[in-house]
Amino acid sequence: MSVRYADRFRIPFKGLKEGDHIFDFEIDSSFFEIFPESEIKEGQLHIEVILHKSTRMLTFDFFIDGTVRVPCDRCLEMFDLPVHFTYSLYVKFGHERIEESANALTIPEDDYFLNISQYIYEFIHLALPLRRVHPNDEEGHPTCNPVMLKKLEELSVEGNVQTNDERWSALKGILKNIN
Ligand SMILES: [Zn+2]
């Protein structure tokens with residue numbers, strides 16, 4: 001099933017005229033099943049790809065828009081993180097396939113299509129912020145699960161869990177007193 005699903009992301013560039021061509025994709029959990037190692041398992045995203053075709057080069061502009069389901073770093077509950085991201089892929093022709101960098105690729109002269117699913121996958125992951133937390137509401141309060149937050153607070157008090165930062169502040173406090 002996933003092999004055929006992945007075929008949807010083939011762009012048959014050879015038969016296209018020079019100029020701009022637009023492709024649209026709606027992706028959900030089926031997409032992430034193509035990549036079993038994916039950190040993301042669920043999401044709802046619209047991907048618009050504009051291919052600029054010229055004689056010697058293909059440029060793919062990716063416009064990624066939607067949400068992915070990830071655990072909140074603050075309260076651990078799953079939530080829909082908004083993703084808006086634009087990225088370009090540059091494709092040149094050569095003798096063999098070489099992945100030059102995250103967004104530059106050389107493909108053999110006689111290739112006639114490119115499957116861009118790998119790039120959609122990578123660009124979605126590039127779009128994720130390091131810290132993923134529930135967004136704040138209009139009044140600036142986090143929309144985290146209050147029950148979870150309370151539980152976590154209790155646990156950290158009971159277990160006397162301190163982060164490195166807290167230890168560091170305590171140390172700095174001691175140093176100040178010595179001086
Ligand atoms: Zn949260």
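This is a short talk on the fold and the zinc site of one protein chain.

Hi everyone, thanks for making time. One thing before we start: what you have in front of you is a predicted model, so please hear every value as computed from that model.

Let's begin with the overall make-up. The protein chain has 179 residues, and 34% of them are buried. Its secondary structure comes to five helices and eight strands. If you walk along from the N terminus, the order of elements is α-β-β-α-β-β-β-β-β-β-α-α-α. For those of you who like contact maps: take the contacts between residues at least 6 apart in sequence, and 55% of these join residues at least 24 apart. As for the surface, about 11,700 Å² is exposed, with carbon and sulfur atoms supplying 53% of that area.

Now to the sheet. In what order do the strands of the open sheet lie? Reading across, we get β2-β3-β4-β5-β7-β6, six strands with mixed pairing. The edges are β2, residues 19–27, and β6, residues 98–101, and each of these pairs on one side only. From one strand to the next, the twist averages 20°.

Let me take you in from the β2 edge. Here β2 pairs with β3, residues 43–53, in the antiparallel sense, and nine bridges connect them. If you want a spot to click on, Ile27 has Leu45 in β3 as its bridge partner.

At the other edge, β6 and β7 run antiparallel and are joined by three bridges. The connection between these two strands is a hairpin through two residues. Two bridge pairs to look for here are Ser101 with Ala104 of β7, and Glu99 with Leu105 of β7.

On the other pairing of β7, the direction changes: β5 and β7 run parallel, with five bridges between them. Phe93 is bridged to Ile107 of β7 there. So how many of the residues of β7 are buried? Five of the five, so this strand is largely enclosed by the rest of the structure.

There is also a helix over this sheet. Helix α3 lies across β2, β3, β4, β5, β6 and β7, and its direction is at about 130° to β5. In case you are following along in the viewer, β4 covers residues 57–71, β5 covers 78–94 and β7 covers 104–108.

That brings us to the zinc ion. Which protein atoms are its donors? They are SG of Cys72, SG of Cys75, ND1 of His134 and SG of Cys144, at 2.0 to 2.4 Å from the metal. The angles among the four donor atoms are 104 to 112°, and the site is tetrahedral. Along the chain, the donors are spaced as C-x2-C-x58-H-x9-C.

Where do His134 and Cys144 sit? Both are in the loop between α3, residues 117–127, and α4, residues 146–158, so this pair ties together parts that are ten residues apart in sequence. Are these two buried or exposed? His134 is buried, at a relative accessible area of 8%, and Cys144 is buried too, at 7% relative accessibility.

To recap, then: we have an open six-stranded sheet with mixed pairing, helix α3 lying across it, and a tetrahedral zinc site with three cysteines and one histidine as its protein donors. Thanks for listening, and I'm happy to rotate the model for anyone who wants another look!

Terms used: Residues numbered from 1 in each chain as written. Predicted model: local features only at pLDDT ≥ 70, side-chain atom pairs only at ≥ 80, totals over all residues. Heavy atoms only, no water. Donors = N, O, S within 2.8 Å, 3.2 Å for Na, K, Ca; no water. Tetrahedral: all angles 85-135°; square planar, octahedral: opposite > 155°, others 65-115°. Helix = DSSP H or I, 4+ residues; strand = E, 2+ residues; numbered from the N terminus. Buried < 20%, exposed > 50% of the residue type's maximum accessible area, 1.4 Å probe, protein only. Pairing = 2+ DSSP bridges. Axes fitted to C-alpha atoms, helices over the stretch in contact; angles between N-to-C directions. Contact = heavy atoms within 4.5 Å. Areas by Shrake-Rupley, 256 points an atom, 1.4 Å probe, with all protein chains shown as cover.
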